[in-house]
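Take a moment with the chain before reading on. The paragraphs below walk through it one region at a time.

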Amino acid sequence: MTVSSQVIPATPTATAAPAAPLSAPQAPLGRFDRLAPRLHRHGLVMLRAGLGGVFVWFGVLKVIGLSPAAALVVDVLPFPVGGWFVPALGWAEVALGLWLVSGRARALALPVLTAHLCGTFSVLVLTPSAAFAHSNPLLLTLVGEFVVKNVVLLAGVVVVTTHPRDQGLPAV
């Protein structure tokens with residue numbers, strides 16, 4: 001057997017399909033598609049500010065003793081607490097809200113905020129009679145609605161703490 005130093009290219013056959021272009025031309029973007037990235041950027045800023053504002057607002061109400069949720073917090077805890085607990089929780093919520101608005105140390109903020117919000121779900125487990133009417137998990141009481149809405153807050157926290165850094169979100 002002899003080896004040739006010359007390579008002969010294969011000849012195309014009549015059944016070979018023509019090569020497809022690398023990228024097909026795209027249709028021009030509509031007005032909404034051009035506007036959506038800017039709206040998304042501003043929406044993230046608004047979401048971060050809104051979530052932070054809610055944490056600060058609810059926290060201040062606990063600190064000054066005017067929170068409608070203070071009694072619920074004390075009633076649901078499985079251990080006795082003194083008069084210091086609700087204001088301390090309020091200060092923690094104020095700090096969490098300001099941390100969220102700042103946008104700093106997001107990788108650390110996410111688990112802290114998640115733990116705090118998941119702690120509110122303890123009402124569903126520890127005092128289900130306060131959260132569900134007639135022991136039916138589909139019939140929420142006012143307290144149950146107050147607690148379950150934290151699913152939305154939790155989703156918002158996940159979104160604003162995990163957005164890619166390169167989107168260049170302006171500071172709030």
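Start in a loop. Ser135 is exposed, with 70% relative accessible area. Ser135 belongs to the loop between helix 6 and helix 7. Its phi angle is near 60 degrees, a positive value in a residue other than glycine. His134 sits in the loop between helix 6 (128-131) and helix 7 (142-148) too. Phi of His134 is near 55 degrees, again positive in a residue that is not glycine. Is His134 buried or exposed? His134 has 75% relative accessibility, so it counts as exposed. Keep in mind that this is a predicted model.

Now step back to the whole chain. How many helices and how many strands does the protein chain have? It has eight helices and zero strands. Read along the sequence, the pattern is α-α-α-α-α-α-α-α. The protein chain has 172 residues, and 27% of them count as buried. Next, look at how distant parts of the sequence meet. Take the contacts in the protein chain with a separation of 6 or more: 73% of them join residues 24 or more positions apart.

Val94 gives a concrete case. Val94 is part of helix 3. At 10% relative accessibility, Val94 falls under the 20% limit, so it counts as buried. Which residues does Val94 touch, leaving aside its neighbours within four places in sequence? They are Phe55, Val56, Gly59 and Val60. Consider Phe55: Val94 and Phe55 are 39 residues apart in sequence, yet their C-alpha atoms are 5.9 Å apart in space.

Helix 4 deserves a slower look. It runs over residues 106-120, which makes 15 residues. At 1.5 Å a residue, helix 4 should span 21 Å. Its end C-alpha atoms are 21 Å apart, so the expected span and the model agree. Which residues of helix 4 are buried? They are Arg106, Ala109, Leu113, His116 and Leu117. These buried residues cover an arc of only 95 degrees around the axis, so they lie on the same side of helix 4. The spacing helps explain this kind of pattern. An α-helix has 3.6 residues a turn, so residues three or four places apart point the same way. On the other side of helix 4, Ala107, Leu108 and Ala115 are exposed. What covers the buried residues of helix 4? The cover includes helix 1 (31-63), helix 3 (85-102) and helix 8 (150-162).

Those helices lead into the interior. The largest nonpolar core has 12 residues in all. Among them are Leu44, Leu51 and Phe55, along with Leu96 and Leu100. Ala109, Leu113 and Leu117 belong to this core as well. So do Leu153, Leu154, Val157 and Val160. Helix 1, helix 3, helix 4 and helix 8 each supply at least two residues of this core. Which helix gives the most to this core? Helix 8 does, with four residues. Ala109, Leu113 and Leu117 are also among the buried residues of helix 4. Apart from this largest core lies another one, of seven residues. Its members include Val123, Ala131, Phe132 and Val147.

Finish with the aromatic rings. The count comes to two aromatic pairs. In one pair, the rings of Phe79 and Phe85 have their centres 6.4 Å apart. Their planes stand at 85 degrees, over the 60 degrees needed, so the pair is edge-to-face. In the other pair, the rings of Trp84 and Phe85 have their centres 5.5 Å apart. Their planes stand at 75 degrees, so this pair is edge-to-face too. Phe79, Trp84 and Phe85 form one aromatic cluster. How exposed is each member? Phe85 is buried, with a relative accessible area of 18%. Phe79 is partly exposed, at 43% relative accessibility. Trp84 is exposed, with a relative accessible area of 57%.

One more ring is worth finding. Lys149 lies over the face of Phe146, at 4.3 Å from the ring centre.

Note on methods. Residues are numbered from 1 along each chain as its sequence is written. This is a predicted model: local features need pLDDT of at least 70, side-chain atom pairs count only at pLDDT 80 or more; totals for chains, interfaces and linings use all residues. Side-chain values use heavy atoms; hydrogens and water are left out. Rings of Phe, Tyr and Trp (its six-membered ring) pair if their centres lie within 6.5 Å; planes under 30 degrees apart count as stacked, over 60 as edge-to-face and the rest as tilted. Buried means under 20% relative accessible area, exposed over 50%, partly exposed in between (1.4 Å probe, protein chains only). A charge sits over a ring if NZ of Lys or CZ of Arg is within 6 Å of the ring centre and within 35 degrees of the ring normal. The expected span of a helix is 1.5 Å times one less than its number of residues. The arc is that of the directions from the helix axis to the C-beta atoms. Contact means heavy atoms within 4.5 Å. A nonpolar core is a set of buried Ala, Val, Leu, Ile, Met, Phe, Trp, Tyr and Cys residues joined through side-chain atoms within 4.5 Å.
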